[in-house]
Every structure is written in C-alpha cells, then in structure tokens.
Amino acid sequence: MHNGHVVPILKAASTGEFSGIAWSFQTVPDAAGDVILPLALSTVNVPLPVYTEHDGVAVGEIRKAECTEEGLHVEGRIVDLAARQFAAADGQGLSIGFIGSAQKSGPVRIFTDVEIVEVSLCRQPVNSGSRVTTLKSWRTLENE
C-alpha cells in the first residue's frame, strides 16, 4: 500500500530498463491546457506502476523519479514483452496519471500540488515533450 493506493511490485527475469521525461516543463501548457509547476513534482513517491495507454494493467514499474530543469525524469523497467514492443515501436511517449488541485487562469489549469499515481507508455502524450529517452534494444532484451 502506498499513499492509499495499492502499488503492484512486479517480478520477472528480464529487466527492460528505460528512462524518460514523464512530464516536460518545455512543452506547457499541454494539449489539455494543464501546467504542473516544478514544486508540485518535487516529491514523487515510488514505486509507481507503468501502464500502456492508462489502461490500468501494470506492465512495469517506476523505481526512480526526480524533478529536473527539463521535467519529471523517471527510471524504471518494463516487464511485459508486449509492452516492450509497444514502447520500442509506437509508444515512445510517456504520460502521467495524477490527482491534484488546480487554479484556473483562462483556459489553463495550473497545478501546484499533485500526486502521481501512475506513468503510462502512450502513442500520443498530452504533454508532447514527455518521451521515453532510453530503452534497452530488443536484442539486449531478448537475451536477458
């Protein structure tokens, strides 16, 4: 249990490590008009589940999350082979699932306090700067 949420701890022989920017400060507001301020991402509790397209099915976990000048940098692993294929082919984007409160400023919502509850691999991230930046090659993954 983690902050009132059940966080699955996944085990697998293969590691499938990846890293990326789960929320970019360079491309805000996002397509939904949201801005998450750096202060809101200064403390992110891990581990967090990794989903594909926010589907609620854990395919991995985030083990490290750090707020940098660029955005929320995450490191984790994908343990599901199909999700690895998705990440290597179509799912180069990352997206965060969060709860929080925002203030409206015209069409923009500004979040100063959020709780990240999951990170998803996705084809079209709402924050276009949120991307997988490193992913072990398929050859490496198949040999683990």
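Reader: Which residues does Leu-41 touch, not counting residues up to four places away in sequence?

Author: This is a predicted model, so treat the contacts that follow as computed from it. Leu-41 is named with Ile-36 and Leu-121 as having the most contacts inside the largest nonpolar core. Leaving out residues up to four places away in sequence, the ones Leu-41 touches are Trp-23, Phe-25, Ile-36, Cys-67, Leu-72, Val-114 and Ile-116.

Reader: And that core, which element gives the largest share of it?

Author: The core has 26 residues. The elements giving two or more residues to it are β1 (17–24), β3 (48–52), β5 (71–78), α1 (81–89), β6 and β7. Among these, the largest share is five residues, and it comes from β7. As general background, nonpolar side chains in soluble globular proteins tend to be buried together. So the element to look at is β7.

Reader: How do the elements of the chain run from the N terminus on?

Author: There are two helices and eight strands to place. Going from the N terminus, the order is β-β-β-β-β-α-β-β-β-α.

Reader: How many bridges join β6 to β7?

Author: Strand β6 covers residues 93–105 and strand β7 covers residues 108–122, and the two run antiparallel. Where the hairpin turns, two residues sit between the strands, and Gly-106 takes a positive phi near 65°. Ser-105 stands opposite Val-108 in β7. The number of bridges joining the two strands is 13.

Reader: Staying in β6, is Ser-95 buried or exposed?

Author: Ser-95 has its place in strand β6. Apart from neighbours within four places in sequence, its contacts are Ala-22, His-54, Glu-118, Val-119, Ser-120 and Cys-122. The cut-off for buried is under 20% relative accessible area. Ser-95 comes in at 11%, so it counts as buried.

Reader: Which side chain makes a polar contact with the side chain of Ser-95?

Author: Of the residues in contact with Ser-95, one is His-54. The polar contact runs side chain to side chain at 2.8 Å, and the partner is His-54.

Reader: Why does the salt bridge of Asp-34 and Arg-109 tie together parts far apart in sequence, and how many residues apart are they?

Author: The two side chains meet at 2.7 Å, N to O. Asp-34 is buried at 6% relative accessible area, while Arg-109 is partly exposed at 35%. Asp-34 lies in strand β2 (residues 34–36) and Arg-109 in strand β7, so the parts this pair ties together are 75 residues apart in sequence.

Reader: Which residue forms a salt bridge with Glu-53?

Author: Glu-53 is partly exposed, with a relative accessible area of 34%, and Arg-123 is partly exposed too, at 44%. Their closest N and O atoms are 3.5 Å apart. Glu-53 lies in the loop between β3 and β4 (60–67) and Arg-123 in the loop between β7 and β8 (132–135), so the pair links parts 70 residues apart in sequence. The partner is Arg-123.

Reader: How many salt bridges does the count come to?

Author: Besides the pairs Asp-34 with Arg-109 and Glu-53 with Arg-123, Glu-61 and Arg-63 meet at 2.8 Å, N to O. Glu-61 counts as buried at 5% relative accessibility, whereas Arg-63 is partly exposed at 42%. The count comes to three.

Methods:
Residues numbered from 1 in each chain as written. Predicted model: local features only at pLDDT ≥ 70, side-chain atom pairs only at ≥ 80, totals over all residues. Heavy atoms only, no water. Pairing = 2+ DSSP bridges. Helix = DSSP H or I, 4+ residues; strand = E, 2+ residues; numbered from the N terminus. Core = buried A, V, L, I, M, F, W, Y, C linked by side-chain atoms within 4.5 Å. Buried < 20%, exposed > 50% of the residue type's maximum accessible area, 1.4 Å probe, protein only. Contact = heavy atoms within 4.5 Å. Polar contact = N/O pair within 3.5 Å; in protein donor to acceptor, adjacent residues only side chain to side chain. Salt bridge = Lys/Arg side-chain N within 4 Å of Asp/Glu carboxyl O.
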